[in-house]
Amino acid sequence: MVSRWMYISLVILYGFLLGPFVIIFMASFGANATMAFPPQGFTLDWFARVFETSQFVDSFWISLQLALLSTIVSLVMGMPVAYALVRFQFAASGLVETVFSAPILVPGLVIGFAMLNFFVLLGKMPVMTGLFIGHTAILFPYSVRVISASLRNLDPYVEDAAVSLGANRLRGFLLVVLPNMQAGIAAAFVLGFITSFNNVPVSLFLSGPGVTTLPVSMLSYMEYYFDPTIAALSTLLVAFTVVLVQTAERVLGLSQFV
Amino acid sequence: MIRRPNQTRTIILLVAPAFVVVLVFFVLPLIFLLSQSVTPKEGGYTLTGYVDFFQSPVSRIVYLRTLKLGLIVTGICVLMSYPAAFVLARMPARRRTFLMSLVILPLMTNAVARTFAWLIILGRRGMVNQTLLSLEVVEEPVRFIFTETAIVLGLTQLFLPLMVLPLVSAMENIPDDVLEAARSLGANRLTTFLRIVVPMSSDGLVLGATLVFTGSVTAFVTPAILGGARLLLMSTLLRQEAVIVFDQHAAAVVAVVMILTTLAVNLLLRLLRVRQV
Amino acid sequence: MRSHRFIMLLLAVLLLGAVAPMAVAQDTQTLTVSIWGFNLDVLEENVFAPFEEMHNVDIVLDTGNNSDRLARLLAEGENSTIDVVHFATQFTYLADQEGVLQPYDADKLENLDELYDWAQDPLGNLAGVGYTVNSLSLIYRSDLIEDEVTSWADLLRDDVAGYVCIPEMSTTFGPATLIMIDRALAMQELDEGEELGAINYDADAAWEALPQLADNLVTTYIRSSALTTLVQEEEVRLAPYASFAIGNLMNTGHDLTAVIPDEGAVGQTNMISITAATDKVDLAHAYIDWFISHDIQEAEALDLIDSPVNATVELPEDICALLTCGEMLDTMIVLDQAEVSARLEDWLERWNEVMVR
């Protein structure tokens, strides 16, 4: 059934998906300060430049903090929602499901814009708090969905058994349900972390003086300089992602949740 | 299912905290946005913002251009992914796992990094132009950056994985027996593909198309980098109205039109899926 | 009851999550400066770092182009965290009209008297102090464009089609570019010996020629850095440029020639103002005073960043030639901001209608 031209299409697909990464990789080692192709010479200077540029280092830490914090909070708050949706049947479950999947349907740029206007209405708010709220909100759909999926795979009678043996509901949840959901939680965590860490549209409006996320500062750096530093930084980020994604895929089977 | 007398209370306690957060920090801002879009600077409630949006040649051209590019990108993604997804779905599990993780990779890298590559590829001194020049196809380097072609290429690369993933998972569910049966009954490869594989994977196709199209019409980074200040799409128009022209009313209108467009597409394609079942 | 405890735990975590980022905020005194993101490394070394040391203060930067930063300032109004703001005159004028600035106190600025008269209070209402002057003229690739460029109207020439880049209408020099093209077109209509009249702020002839100009464009630029990049990558061969970008443009290593067109260059003063929202009025004055002091003005000029407005600064001739200084200060054209601002809203719309196609 699988013919030769189908294999060719596979090669084209992967060439198109991964080719740009090869180009970035090559450009990050080129000795020229411009982006002329093919790059001439070899240097590691651009990688050094990444670490010397305080704009990148500062915003990296901010992005890291932000991604960890908003992922954890959205998980901790999303988990009970997922639990309620899977274990109980109730009239408003449709509404709850819709509300929690809404942030994925609304364009990120619109969310950022609406939140900025709304926060201004509320008064002085630290930039980091605004970013944190924005990122947590957009992560809810992921955590609720992924955790619901992994809860559904879990036999509810195991939990019922624990409860009938005298454990209370919270203990039953902590001792029986939670350990069995480790993979789902980890997958939700990785997915949430990456989503927040890479987000541009929401952060774009919510960033402020002195507080910028890494992708947004990459975007503004490009408006001022056009040299292989961005390529070097991108190469580093891709390497970081490859390690993270390959590990997660091997251990958790990430692609079934995306 | 566990039944307890105070089940309702438990459910409320489980759902309420997150629900309140989403309500206050997500739903409320959107309602405020909606109200901004109908309250112009002069005061009062009016829909003139929307009338202006569809009457002004600027926003009308931008809106239609956005939809057009979204359709083109979706079309290219379908054509590129369909046969490839089929190959992937028929592969031995281990090899497929590896190849699928490569598909996710671009999805997991930030859009700025991915779009940056296109500047190197498409620039006047970029790869494409150098190749064209050395093959003497052109005498002068061609301008690709700040063109619709550049945006389409960038968006396609960005959203291709969102088409491949649902297609592969839909095609995995087609049993080998069905395909073999069709073949043994004399259908050739193309017929089998069109008559069996396509209908049986249409769920994945619809889902993929929804994701790619809505992604394309709302993406910001790619049109911002590859379209420049002049070749605007809805997202870059929103940004321009909000921070450069500083017309919050007009920006809110653009934002609401973007939401309605995505919602309409999602609903439409969801209906399509329901009908097929 | 049990689930209550669970909820309490959840709430505690949430609270912790919400409070944690606020705790990160440091409590040393800060001065938030709103400024362009251009040449920041040099500014840091020349201006910010010594000022931070002298006054034991952290300077926090809010960067962006004029309109971007003005928009944010207007949106935040009294809640703004910005203390001092750098704007081109036109945007200082707009900000002042909206009431987000406060007048400066001349008694708190020791160095004010050293400035040229026109820089001390460019808008005439104490809305801000001029701290540098720059000018708009043309730059082109003399190795790739055969016929010399001498006029603003050369932007319309056929041989440069596809290689021109002009400032966006929403930027400082957007209206100026159009007005100068209009002046050039008017000059072509003149008979022998006839003198060019006053500036025509309606720029009708230029508007008529705009669609033709649009066809010549690679794109428009909002930031001078974008122009530098486009020149570096050989996308652009001819463009109006702001004098403060000359250093970066020359660094691209291409054969570039800067010309003051026959119709003249457009001069423009950049200003520093104190926001109405700030409560650090003294520190803000100290910052302005520092920026207009002899030493800073000289250091900035020698690095080809900011042309000085402090009359006590004397520059070597080769430096002066690259900046907006000396004789040029007397000959450059200065536009009336009230005239430009009155037309701006209408112009933005007309501009977009041409450019979007």
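## Two buried loop residues

In this predicted model, C:Leu304 counts as buried, because 20 C-beta neighbours lie inside 10 Å of this residue, and a residue is called buried from 20 such neighbours upward. C:Leu304 is found in the loop that runs between helix 11 (294-302) and helix 12 (317-322) of chain C. Its backbone also deserves a look, since the phi angle of C:Leu304 is near 60°, a positive value in a residue other than glycine. For comparison, most residues other than glycine have a negative phi.

A second residue of this kind can be described in chain B. The phi angle of B:Phe146 is near 65°, again a positive value in a residue that is not glycine. B:Phe146 sits in the loop between helix 6 (127-134) and helix 7 of chain B, and B:Phe146 counts as buried because 23 C-beta neighbours lie inside 10 Å.

## Two helices of chain B

The loop with B:Phe146 leads to helix 7 of chain B, and this helix has a partner in the same chain. The axes of helix 7 (residues 148-172) and helix 10 (residues 202-218) of chain B come within 8 Å and cross at roughly 165°. Angles over 145 degrees count as roughly antiparallel, and therefore helix 7 of chain B is roughly antiparallel to helix 10 of chain B. The crossing in which helix 7 of chain B passes helix 10 of chain B is right-handed.

On the side of helix 7 of chain B, the contact is made by B:Leu155, B:Phe159, B:Leu162, B:Met163, B:Pro166, B:Leu167, B:Ser169, B:Ala170 and B:Met171. Helix 10 of chain B contributes B:Asp203, B:Gly204, B:Leu205, B:Leu207, B:Gly208, B:Leu211, B:Val212, B:Gly215 and B:Ser216. Sorted by class, the residues of this contact between helix 7 and helix 10 of chain B comprise 12 nonpolar, five polar and one charged.

## Where chain B touches chain A

Chain B also has a contact with another chain, in which 72 residues of chain B are in contact with 69 residues of chain A. The largest share of the side of chain B that touches chain A comes from helix 1 (residues 7-38) of chain B, which supplies 17 residues. By class, this side of chain B is made up of 52 nonpolar, 16 polar and four charged residues.

## Chain A as a whole

Chain A contains 12 helices and zero strands, and its C-alpha trace spans about 70 × 60 × 30 Å along the principal axes. Of the 258 residues in chain A, 53% are buried. Among the contacts in chain A between residues at least 6 apart in sequence, 73% join residues that are at least 24 apart.

## Two residues of chain A

A:Leu85 lies in helix 3 (residues 54-87) of chain A, and A:Leu85 is buried, with 24 other C-beta atoms within 10 Å. Leaving aside residues up to four places away in sequence, A:Leu85 touches A:Ser93, A:Val96, A:Glu97 and A:Ser148. A:Leu85 and A:Leu151 are 66 residues apart in sequence, while their C-alpha atoms are 9.8 Å apart in space.

A:Gly210 is placed in the loop between helix 10 (201-206) and helix 11 (214-224) of chain A. A:Gly210 counts as partly exposed because 19 C-beta neighbours lie inside 10 Å, whereas 20 or more would be needed for a residue to be buried. Along the sequence A:Gly210 and A:Ser59 are 151 residues apart, yet from C-alpha to C-alpha they are 8.9 Å apart in space. With residues up to four places away in sequence not counted, A:Gly210 touches C:Val60 and C:Leu61.

## The two domains of chain C

The domain assignment of chain C gives domain 1 (11-16 + 22-132 + 269-325) and domain 2 (134-267 + 337-355). Taken over C-alpha atoms, the centres of domain 1 and domain 2 of chain C are separated by 28 Å.

Which residues bring these domains into contact can be described by element and by class. In chain C, 18 residues of domain 1 are in contact with 17 residues of domain 2. On the side of domain 1 of chain C that touches domain 2 of chain C, the elements that give two or more residues are helix 3 (66-76) and helix 4 (89-97) of chain C. Helix 4 of chain C gives the most to this side, with four residues. The residues on this side of domain 1 of chain C divide into eight nonpolar, nine polar and one charged.

Methods. Residues numbered from 1 in each chain as written. Chains lettered and ligands numbered in written order. Predicted model: local features only at pLDDT ≥ 70, side-chain atom pairs only at ≥ 80, totals over all residues. Contact = placed C-beta atoms within 7 Å. Nonpolar A, V, L, I, M, F, W, Y, C, P; charged D, E, K, R; others polar. Axes fitted to C-alpha atoms, helices over the stretch in contact; angles between N-to-C directions. Parallel < 35°, antiparallel > 145°, perpendicular 65-115°, else oblique. Left-handed = near helix turned anticlockwise from the far one by under 90°. Buried ≥ 20, exposed ≤ 12 C-beta atoms within 10 Å, placed from the backbone. Domains from an automatic or database assignment.
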